[in-house]
Amino acid sequence: MSTDAIVMLREGHKEIRRLIRSYRVERNPEVIGPFLRALTVYTYIEREGMYPRVCVLFPDAEPDVLGFVEEHHIADVLGAELYDMRPGEVAFDAKARLLMDIVERHMDAEDRSWFPRVRAAVGRKELREIGAWMTTLAERAPQHPHRPSAQTPWDAVAA
Ligand SMILES: [Fe+2]
């Protein structure tokens with residue numbers, strides 16, 4: 001498997017999009033577990049591995065990254081709430097659909113404009129190094145969402 005960071009993250013997006021499509025068509029709550037697991041691993045490796053390094057190599061990326069980190073934060077909050085719910089609960093489907101809408105918007109922004117800008121600005125070698133680091137991070141990534149403790153999620157990235 002390629003360890004190019006952008007290739008890895010796009011593959012993560014594809015898997016998450018597949019699970020979102022499946023839920024929207026079938027409304028099968030059994031999809032939520034795999035969806036939250038894929039989302040948790042993806043947000044962890046991107047936030048810990050990709051964003052901080054890209055901000056060093058390509059400082060112009062920082063304003064976009066600040067917005068993406070806030071989107072991840074909202075996804076963590078909704079994801080943790082959803083993880084604690086039972087499928088029969090009244091707000092389960094509404095929360096799942098809102099989370100999926102936010103995640104889809106986030107992935108669209110990265111796929112359509114941010115990844116191409118990063119690809120143009122950051123060298124292949126650096127992207128492979130980031131990808132290798134994200135592979136390591138994936139092995140120790142949390143497997144389900146946790147309620148975020150930070151009120152200012154950017155501080156955790158910048159630390
Ligand atoms: Fe992301």
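This report walks through the salt bridges in the structure above, which is a predicted model.

Side chains of opposite charge can pair when their charged atoms come close. In this model, the count comes to 17 salt bridges. Three of them are set out here, each with its N to O distance.

| Pair | Distance | Places in the chain |
|---|---|---|
| Arg17 and Asp111 | 2.7 Å | helix α1 and helix α4 |
| Glu71 and Arg105 | 2.5 Å | helix α3 and helix α4 |
| Arg147 and Asp84 | 3.4 Å | loop between α5 and α6, and loop between α3 and α4 |

Let's start with Arg17 and Asp111. This pair ties together distant parts of the chain, 94 residues apart: Arg17 belongs to helix α1 (residues 5-26), while Asp111 sits in helix α4 (residues 92-121). Asp111 has a relative accessible area of 15% and is therefore buried, as the limit for that is under 20%. Both residues also belong to a network in which salt bridges with shared partners join Arg10, Arg17, Asp108, Asp111 and Arg112.

Helix α4 also carries Arg105, whose partner Glu71 lies in helix α3 (residues 62-83), 34 residues away in the chain. Are these two side chains buried or exposed? Glu71 is buried at 16% relative accessibility, whereas Arg105 is exposed at 53%.

The pair of Arg147 and Asp84 joins two loops. Arg147 lies between α5 (124-139) and α6 (153-158), and Asp84 between α3 and α4, with 63 residues separating the partners. Arg147 is exposed, since its relative accessible area is 53% and the cut-off is over 50%.

Note on methods
Residues are numbered from 1 along each chain as its sequence is written. This is a predicted model: local features need pLDDT of at least 70, side-chain atom pairs count only at pLDDT 80 or more; totals for chains, interfaces and linings use all residues. Side-chain values use heavy atoms; hydrogens and water are left out. A salt bridge is a side-chain nitrogen of Lys or Arg within 4 Å of a carboxyl oxygen of Asp or Glu. Helices (H or I, at least four residues) and strands (E, at least two) are DSSP runs, numbered from the N terminus. Buried means under 20% relative accessible area, exposed over 50%, partly exposed in between (1.4 Å probe, protein chains only).
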